[in-house]
Amino acid sequence: FVSTSVKAKGMTAIITGDLTLNGITKPVTFEAEFVGAGNNPYNKKATVGFEAETEIKRSDFGVNYAIPFVSDEVELEISVAFEKQ
């Protein structure tokens, strides 16, 4: 995933970018939420955390196996933490 824009609004953000899966790149939009900030207890570095989610269709990325017996729609959930260097 490579982001192309981030639109922040309060404690949430809309992150748009290009997702590559199975060799196919498509634009996707994640809804992100600020989780928290503080010092990492292990290395004492300032850290911020976010969670984001979106839904994609497997078939859009050429993953067609077992459709319709296995759902074509898949929810992606991402949890990330960023540390100040």
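Here is a walk through the strands, the aromatic pairs and one buried arginine of this structure.

A word on ground rules: this is a predicted model, where local features need pLDDT of at least 70, side-chain atom pairs count only at pLDDT 80 or more, and totals for chains, interfaces and linings use all residues. Residues are numbered from 1 along each chain as its sequence is written, and side-chain values use heavy atoms, with hydrogens and water left out.

Let's start with the strands, which are DSSP runs of E with at least two residues, numbered from the N terminus. Strands β3 and β4 pair in the antiparallel sense over eight bridges; two strands pair if DSSP finds at least two bridges between them. Glu31 sits opposite Glu53 in β4. The two strands β3 and β4 make a hairpin with six residues between them, and Lys44 in that turn has a positive phi of about 65°. Strand β4 also pairs with β5, again in the antiparallel sense, this time over 11 bridges. There, Gly49 stands opposite Ala81 in β5.

Over in strand β1 (residues 2-9) you'll find Lys9. Lys9 counts as exposed because its relative accessibility is 69%; the scale is buried under 20% relative accessible area, exposed over 50% and partly exposed in between, with a 1.4 Å probe and protein chains only. Glu33 is 24 residues from Lys9 along the chain, and their C-alpha atoms are separated by 9.8 Å.

Now for the rings. A pair of aromatic rings is described by the distance of the centres and the angle of the planes. Here the rings of Phe, Tyr and Trp (its six-membered ring) pair if their centres lie within 6.5 Å, with planes under 30 degrees apart called stacked, over 60 edge-to-face and the rest tilted. The structure holds three aromatic pairs. One of them joins Phe1 and Phe30 edge-to-face, at 5.1 Å centre to centre and 85° between the planes. This pair links distant parts of the chain, with Phe1 in the segment before β1 and Phe30 in strand β3 (residues 24-39), 29 residues apart. Phe1 is partly exposed, with a relative accessible area of 44%, while Phe30 is buried at 3% relative accessibility. Phe50 and Phe82 form another edge-to-face pair, 6.2 Å centre to centre with 65° between the planes. That one also links distant parts of the chain: Phe50 is in strand β4 (residues 46-57) and Phe82 in strand β5 (residues 73-83), 32 residues apart. Phe50 is partly exposed, with a relative accessible area of 29%. Add Phe34, and Phe34, Phe50 and Phe82 form one aromatic cluster.

The loop between β4 and β5 holds Arg58. What does this buried side chain have in place of a salt bridge? A salt bridge needs a side-chain nitrogen of Lys or Arg within 4 Å of a carboxyl oxygen of Asp or Glu, and the nearest side chain of opposite charge to Arg58, that of Asp72, is 4.6 Å away. (Lys and Arg count as positive, Asp and Glu as negative; His and the chain ends are not counted.) Instead, the side chain of Arg58 reaches the backbone oxygen of Tyr65 at 3.0 Å, and a polar atom of that side chain lies 2.9 Å from the backbone oxygen of Ser71.

Gly62 is found in the loop between β4 and β5 too, and is partly exposed at 37% relative accessibility.

Terms used. Helix = DSSP H or I, 4+ residues; strand = E, 2+ residues; numbered from the N terminus. Polar contact = N/O pair within 3.5 Å; in protein donor to acceptor, adjacent residues only side chain to side chain.
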